[in-house]
Each structure stands twice: as structure tokens, then as C-alpha cells.
Amino acid sequence: MRSALYVLSTLIVMGLGYWAYVENYKTQAALDEVETLQRDIGQMRERLVVLKAEWAYLNRPDRLRDLAEMNFDRLGLLPLAPEQFGRVDQIAYPQEADALPLISSEDSVDVQGDLTVPLDGIEDLETQP
């Protein structure tokens, strides 16, 4: 009886050791993957900073103005003038009378309805295939 208990205890210890060994390698692999992902995120953030700087450089107003002047004949662009912009007082806001009217309590609708169903309608549904 004692020998079976020793064998069983040894097998349990060996099983737990194997489980700990496998979990250790899974943890190491997950940590390596996290490190790789963090490195990739850092590289992508650096690339994003470079792209934003390039975008800002390419969208300089003096550069865009020069491009518009060089391609004026081909694109048919017109230079911006202050007259092209509107003023706030020129915006037509809707008047209070134009707003949607609210439904008064006299015009309310019953949304609960009647839950009673005629029995002859149910019998027709049961006989259909």
C-alpha cells in the first residue's frame, strides 16, 4: 500500500514539474512576443513622427502658393481673396417659427396597445403547415 502511495506521489510530482516546465516556456514566449510588439510600436511611432514632419513640410503655405502659381494655367486655380470668405452675420439661421413643433399632450399616441388577441386568429395559425 505504501509503495503505491510513493509511486502515485512521484507521478504527481513529475506531472507538476512537467506542467511548471511547460508554463515557464509559454510565459517566456509571451514575454518575447510582448517585447517584440513593444519594439514594433516604438518603431511605428517614430515613423509616424517622421511622416507628420514630412506632411508639415509639404504643406507649407509658401510651397503650396508656389505650386499653385506654377500650375495656374493647367489647373485653373484662382488666388484666395478676402472677398471669398463670408461673415457670421450673413449666415441664415432658422427662426423659432421654422423649428419643428413639439407634440402636445392632446396629440399623444398610445404606444402600449391592446395585448388581447382573438382566439379565432390563433386557431388559423395552428392549422397552417
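Leu8, Ile12, Leu16 and Trp19 come together as a nonpolar patch on the surface of this predicted model. Their combined accessible area is about 440 Å². One member of the patch, leucine 8, belongs to helix H1. Leucine 8 has a relative accessibility of 47%, so this residue counts as partly exposed.

A step back to the whole chain helps to place this patch. The secondary structure consists of four helices and zero strands, and the pattern along the sequence reads α-α-α-α. Of the 129 residues in the chain, buried ones make up 1%. The accessible surface of the chain amounts to about 13,100 Å², and carbon and sulfur atoms account for 63% of that surface.

How confident is the prediction? The chain has a mean pLDDT of 81, with 74% of its residues reaching 70 or more. Among the elements of the chain, H1 has the highest mean pLDDT, at 96. The lowest mean value, 52, belongs to helix H4, which covers residues 119-127. A reader following the chain in the 3D view may like to keep these two values, 96 for H1 and 52 for H4, in mind.

Charged side chains come next. Side chains of opposite charge can pair when their charged atoms come close. Across the whole structure, the search found four salt bridges. One of them joins glutamate 23 to lysine 26, with 3.7 Å between the closest N and O atoms. Both residues lie in helix H1, which spans residues 2-58. Glutamate 23 and lysine 26 are three residues apart, or about one turn of the helix. With a relative accessible area of 29%, glutamate 23 is partly exposed.

Further along helix H1, another bridge can be found. Here the side chains of arginine 39 and glutamate 35 meet, with an N to O distance of 3.6 Å. These two residues, both in helix H1, are four residues apart, again about one turn of the helix. Are the partners buried or exposed? Arginine 39 is partly exposed because its relative accessibility is 44%, and glutamate 35 is also partly exposed, at 46%.

A further salt bridge links aspartate 62 and arginine 60, whose side chains meet at 3.5 Å, N to O. Aspartate 62 has a relative accessibility of 39% and therefore counts as partly exposed. For arginine 60 the value is 27%, so arginine 60 is partly exposed too.

Arginine 60 also has an aromatic neighbour to look at. Which ring does the charged end of arginine 60 sit over? The ring is that of tyrosine 57, and the charged end lies 4.1 Å from its centre. Arginine 60 thus appears in two contacts described here: the salt bridge with aspartate 62 and the placement over the ring of tyrosine 57.

Finally, rings can be considered together with other rings. A pair of aromatic rings is described by the distance of the centres and the angle of the planes. The search of the whole structure gave one aromatic pair.

Conventions. Residues are numbered from 1 along each chain as its sequence is written. This is a predicted model: local features need pLDDT of at least 70, side-chain atom pairs count only at pLDDT 80 or more; totals for chains, interfaces and linings use all residues. Side-chain values use heavy atoms; hydrogens and water are left out. Buried means under 20% relative accessible area, exposed over 50%, partly exposed in between (1.4 Å probe, protein chains only). Rings of Phe, Tyr and Trp (its six-membered ring) pair if their centres lie within 6.5 Å; planes under 30 degrees apart count as stacked, over 60 as edge-to-face and the rest as tilted. A charge sits over a ring if NZ of Lys or CZ of Arg is within 6 Å of the ring centre and within 35 degrees of the ring normal. Patches are made of residues with over 30% relative accessible area and no salt bridge: like charges are joined within 9 Å, nonpolar side chains (Val, Leu, Ile, Met, Phe, Trp, Tyr) within 5 Å. Accessible areas come from the Shrake-Rupley method with a 1.4 Å probe; for residues, only the protein chains shown count as cover. pLDDT is the predictor's confidence in each residue, from 0 to 100.
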